Amino acid sequence: MDQVTRLASQRAVVIFSTSSCCMCHTVTQLFRELGVNTMVVELDKDPRGQEMEKGLARLLGRSAGVPAVFIGGRLVGSTDKVMSLHLSGNLVPLLRNAGALWV
């Protein structure tokens, strides 16, 4: 989990993903459309990816550890939480506070 924490603090928005996950792609695309420069960590391409994914699954309380979105170094959640924040109008302010959006 130290690796996850370290990576999550490197950018305002960090998405832990796998290259074949459609929900990961959806979340990443949402942030791109909002103009956010995210750091995407493809766990299936990282030698310690399986270990990180298991830790993320425990944190999320789910069987799948991806997508896992961190904003401002804090775990926001998976697709459902990000979409809920977006639809309620709370995602953009959260991104502004983390320094991921300037407008």
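In this predicted model, R62 counts as partly exposed, with a relative accessibility of 40%. Its partner in a salt bridge is D80, and the two side chains meet at 3.5 Å, N to O. D80 is exposed, at a relative accessible area of 52%. Side chains of opposite charge can pair when their charged atoms come close. The pair links distant parts of the chain, since R62 sits in the loop between α3 and β3 while D80 belongs to helix α4, 18 residues apart. The count of salt bridges for the model comes to one.

The residue just before D80 offers a contrast in exposure. T79 lies in helix α4, which covers residues 79–87. With a relative accessibility of 8%, T79 counts as buried, because the cut-off for a buried residue is under 20%. Leaving aside residues up to four places away in sequence, T79 touches M23, V27 and P67. The last of these, P67, is found in the loop between α3 and β3, and this is also the loop that holds R62. A cis peptide bond joins P67 to V66, with omega at about -10°.

The helix that leads into this loop, α3, has 12 residues. From its first C-alpha to its last, α3 reaches 16 Å, close to the 16 Å expected at 1.5 Å a residue. Just after the helix, G61 takes a positive phi of about 70°. Which residues of α3 are buried? They are G49, M52, G55, L56, A57 and L60. These buried residues pack against α1, β1, β3 and β4, the last of which spans residues 74–77.

One of the buried residues of α3 deserves a closer look. L56 is found in this helix, which runs over residues 49–60, and it counts as buried at 0% relative accessibility. Not counting residues up to four places away in sequence, L56 touches M1, V4, F16, L43, G65, A68 and F70. Between the C-alpha atoms of L56 and V69, which are 13 residues apart along the chain, the separation is 10 Å.

Two of the contacts of L56, namely F16 and F70, also face one another as an aromatic pair. How many such pairs does the count give? It comes to one aromatic pair. F16 and F70 are arranged edge-to-face, with 5.5 Å from centre to centre and 75° between the planes. F16 lies in strand β1 (residues 13–17) and F70 in strand β3 (residues 68–71), so the pair ties together parts that are 54 residues apart in sequence. Both F16 and F70 are buried.

The same names return in the nonpolar interior. The largest nonpolar core has 16 residues, and those with the most contacts inside it are F16, V41, L43, L56 and F70. At least two residues of this core come from each of α1 (2–8), β1, β2 (39–42), α3 and β3. A second, separate core of 15 residues includes V13, L30, V36 and V69. What does F16 touch, not counting residues up to four places away in sequence? Its contacts are V4, L7, A8, C24, V41, L43, M52, L56, V66, P67, A68 and F70. The list therefore takes in V66 and P67, the two residues joined by the cis peptide bond.

C24, another contact of F16, brings the cysteines into view. C24 is buried, with a relative accessible area of 1%, and C21 likewise counts as buried, at 17% relative accessibility. A disulfide is a covalent bond between the sulfur atoms of two cysteines. A search of the whole structure finds zero disulfides.

A final buried residue is found outside the helices and strands described so far. T38 belongs to the loop between α2 (22–33) and β2. Its relative accessible area is 14%, so T38 is buried. Among residues more than four places away in sequence, T38 touches R11, V13, I15 and F31. One of these contacts, V13, is also included in the second core.

Conventions
Residues are numbered from 1 along each chain as its sequence is written. This is a predicted model: local features need pLDDT of at least 70, side-chain atom pairs count only at pLDDT 80 or more; totals for chains, interfaces and linings use all residues. Side-chain values use heavy atoms; hydrogens and water are left out. Rings of Phe, Tyr and Trp (its six-membered ring) pair if their centres lie within 6.5 Å; planes under 30 degrees apart count as stacked, over 60 as edge-to-face and the rest as tilted. Helices (H or I, at least four residues) and strands (E, at least two) are DSSP runs, numbered from the N terminus. Buried means under 20% relative accessible area, exposed over 50%, partly exposed in between (1.4 Å probe, protein chains only). Contact means heavy atoms within 4.5 Å. A disulfide is a pair of cysteine sulfur atoms within 2.5 Å. A nonpolar core is a set of buried Ala, Val, Leu, Ile, Met, Phe, Trp, Tyr and Cys residues joined through side-chain atoms within 4.5 Å. A salt bridge is a side-chain nitrogen of Lys or Arg within 4 Å of a carboxyl oxygen of Asp or Glu. The expected span of a helix is 1.5 Å times one less than its number of residues.
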